[in-house]
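Please look at the sequence and the model below. The paragraphs after it go through a helix contact first and then turn to the strands.

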Amino acid sequence: MLDRFKVPNEDIVKVDHESLHETVTEIFIKMGVAEEDAEEGANVLVSTDLRGVETHGVSNMLRNYVSSYNEGRLNPRPDWKIERESPGTATIDADKGLAVILGPKAMRMAIEKARTVGVGVVTMHNAGHSGAIGHHAMMAAKEDMVGMTATAGGMSVLPTFGAEPRLGTNPLAIAAPARNNPPFLFDAATSAIAGNKLGLAARVGADLLPNWISDLEGNPVSDEVPMPNRGEFYQLPL
């Protein structure tokens with residue numbers, strides 16, 4: 001991650017990752033999440049921080065999930081169900097559950113289908129934020145499979161040469177085993193800058209590089225600028 005997005009040294013508070021996992025689990029439980037699911041969510045967030053992806057870790061995302069639970073936008077105990085299924089595919093209605101928690105369940109289902117018929121494709125709708133989707137893709141790589149995860153991400157990105165947003169940040173992650181080397185992982189938004197990096201930039205007071213965003217008329221901002229307020233810019237595509 002670029003140095004400009006890192007928390008200033010004077011603001012860093014280091015904690016043991018096992019203690020952090022326990023605390024995050026307890027926070028999810030406080031929100032009404034079942035203990036097993038709370039541990040799943042904590043595992044995704046803490047392991048994401050351990051990989052250095054602070055944009056999708058505990059400090060940057062947990063507060064948003066807590067707000068969404070408190071405001072009723074997320075269901076802490078979703079009655080998620082499989083709507084359609086074949087030997088190699090499935091479609092899940094997540095019942096407003098947090099995809100940080102349900103995403104690993106969907107990937108495990110895809111992995112088992114791939115073991116049986118060679119490929120597993122599982123889609124999910126009616127769900128909350130997916131977190132770092134590279135985490136889910138890596139689950140397949142650890143099983144000696146190629147994993148691919150994708151999700152939609154709002155509507156904040158301009159089409160090429162466009163003046164109004166018509167696209168989401170729409171991240172894509174691909175993971176694959178690499179014999180004796182660590183697994184390969186590609187995990188990126190399809191916008192010039194990921195949406196969560198904008199939130200992190202606002203938190204740490206980082207400036208944005210040229211051509212990451214546009215003004216409200218679709219003109220690329222070609223200078224390095226402080227992070228503007230929400231609603232005062234659009235995101236540019238790759």
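In this predicted model, one helix contact brings H17, L20, H21, V24, T25, F28 and I29 of α1 against E35, A38, E39, G41, A42, N43, L45, V46 and L50 of α2. By residue class, the contact of α1 with α2 is made up of nine nonpolar, five polar and two charged residues.

The geometry of such a contact comes next. Two packed helices are described by the angle between their axes and by the distance between those axes. Here α1 covers residues 17-30 and α2 covers residues 35-50; the angle at which they pack is about 140°, and their axes are 8 Å apart. That angle makes α1 oblique to α2, because only values over 145 degrees count as roughly antiparallel. The crossing of the two helices, α1 and α2, is right-handed.

Further along the chain come strands β1 (residues 81-86) and β2 (residues 89-97), which are paired in the antiparallel sense over five bridges. One of the bridge partnerships sets I82 against I92 in β2. With two residues between them, β1 and β2 form a hairpin.

β2 also pairs with β3 (residues 121-127), this time in the parallel sense and over six bridges. In that pairing T91 is found opposite T123 in β3. Between β2 and β3 the chain passes through helix α4 (residues 99-117), and the resulting β-α-β crossover is right-handed.

A further group of strands makes an open sheet: three strands in the order β4-β5-β6, with antiparallel pairing. Which strands stand at the edges of this sheet? They are β4 (147-150) and β6 (181-188); each has a single partner strand, so one side of each is left without a neighbour in the sheet. From one strand to the next, the twist averages 10°.

Within this sheet, β4 and β5 (residues 172-178) run antiparallel and are joined by four bridges. G147 is the residue that stands opposite A175 in β5. A helix accompanies these strands: α5 (residues 133-141) lies across β4, β5 and β6. Relative to β5, helix α5 runs at about 30°, and an angle under 35 degrees counts as roughly parallel.

How values were computed: Residues are numbered from 1 along each chain as its sequence is written. This is a predicted model: local features need pLDDT of at least 70, side-chain atom pairs count only at pLDDT 80 or more; totals for chains, interfaces and linings use all residues. Side-chain values use heavy atoms; hydrogens and water are left out. Axes are lines fitted to C-alpha atoms, for helices over the stretch in contact, and angles run from 0 to 180 degrees between N-to-C directions. Angles under 35 degrees count as roughly parallel, over 145 as roughly antiparallel, 65 to 115 as roughly perpendicular and the rest as oblique. A crossing is left-handed if the near helix is turned anticlockwise from the far one by less than a right angle, and right-handed if clockwise. Contact means heavy atoms within 4.5 Å. Ala, Val, Leu, Ile, Met, Phe, Trp, Tyr, Cys and Pro count as nonpolar, Asp, Glu, Lys and Arg as charged, and the others, Gly among them, as polar. Two strands pair if DSSP finds at least two bridges between them. A crossover is right-handed if, with the strands pointing away from the viewer, the path from the first strand over the helix to the second runs clockwise.
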